[in-house]
Amino acid sequence: MYPQSVLSNLRELDISLNVDGLPLFKSSCLSLWPVLCKINLSPYSVFPFALCCGTSKPSDLEFLDNVVRDLCNLMENGLDFGNEKIKVTLCCVTCDAPAKALVKSIKQYSGYYGCDKCTQKGLWDGHHVIYPDVSNLNLRTDRSFREKTQEEHHLLSDGSPFCQLPIDMIKQFPIDYMHQCCLGVMRKLVILWLRGPKGIRLSSGQIKEVSSRLVALRPSIPAVFARKPRCLEEIDRWKATELRQFALYTGKIVLNGLIPSRLFDHFMLFSVALSILVSPALAQKYNFYAEELLTFFVKQGELLYG
């Protein structure tokens, strides 16, 4: 599968894991929880490491025991390949927010101590728990997590099986970009423009004009994009890839001159920061600038949208 030139020079194998659940049938509550492994060599290879099937999400983390035991063995002893011993390292474990809380055995993101990056206590705003602080935060570390210095963050159990691995329990569980940025922030902004309070909500004429601009872009969208732009009236059926396309590419074109400048400038903070962070080269060079943009984006969001 891999060129001999790659294999002959291979001394270290970098892998990533993904854990998530998915329903198998619409007519039953049967669900499958696969643990997928990705080999970070070009071309990428993804295969199932373990499978757990049941009528609900796992009630405990026993389905991870074999995975963690095998990973411990691989990371400690390496992988025999021909006459060579290949070192195996785990780059990260990617999950959406609910799955991450499950596998790390911590409070859900909707709880008062649910943030897995900082120790601030959430606030109830009458509808849900929010985390308003964006500066001077007490960040979690691998050591504080393993020592459970904030007990309210952890569930009353034996902890996560991943704690047996020589990994950073904070940095190697990255934020889920698809749900947080695309299906989260971007979708929330569009819905506020369509259905938000007066002063933020666009008029029917503005909505039609944005939609017509989006549809007009369809012939210009290259084949590398999975989907073509759709009108705003179908926002409830937009997929993550469409929201990503809007945030990174088409939104700045179709919104310019149509929505109030304060809302457009605020959206551009998010769009520019995201454009930096999805590019490996730009992220290395302008990472701190992207952080400043996002911090300002959150602060201004409270003033603009409440």
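**Two cavities and a core**

Student: Which residues line the largest cavity?
Tutor: Leu214, Pro229, Arg230, Trp238, Glu242, Gln245, Phe246 and Thr250. This is a predicted model, where local features need pLDDT of at least 70 and side-chain atom pairs 80 or more, while totals for chains, interfaces and linings use all residues. Residues are numbered from 1 along each chain, and side-chain values use heavy atoms, without hydrogens or water.

Student: Why is this called a cavity?
Tutor: Because a 1.4 Å probe fits at its points, on a 1 Å grid, but cannot get out; lining residues have an atom within 4 Å of a point. Two cavities of 30 Å³ or more meet the rule. The largest holds about 40 Å³, the second largest about 30 Å³, as space filled by probe spheres.

Student: What makes up the lining of the second largest cavity by class?
Tutor: Seven nonpolar residues, no polar and no charged. They are Val190, Trp193, Leu194, Leu202, Leu232, Phe246 and Leu255. The largest cavity has four nonpolar, two polar and two charged. Phe246 lines the largest and the second largest.

Student: What makes a nonpolar core here?
Tutor: Buried nonpolar residues (under 20% relative accessible area, 1.4 Å probe), joined through side-chain atoms within 4.5 Å. The largest core has 40 residues; Val190, Trp193, Leu232, Phe246 and Leu255 are among those with the most contacts inside it. A second, separate core has 36, including Met75 and Phe145.

Student: Which residues does Leu255 contact, beyond four places in sequence?
Tutor: Trp193, Val210, Phe246, Phe264 and Phe267. They count because heavy atoms lie within 4.5 Å.

Definitions and conventions. On a 1 Å grid over the protein atoms alone, a cavity is a set of points where a 1.4 Å probe fits but cannot get out, and a pocket is an open set with protein on both sides within 12 Å along at least five of seven lines; lining residues have an atom within 4 Å of a point. Ala, Val, Leu, Ile, Met, Phe, Trp, Tyr, Cys and Pro count as nonpolar, Asp, Glu, Lys and Arg as charged, and the others, Gly among them, as polar. Buried means under 20% relative accessible area, exposed over 50%, partly exposed in between (1.4 Å probe, protein chains only).
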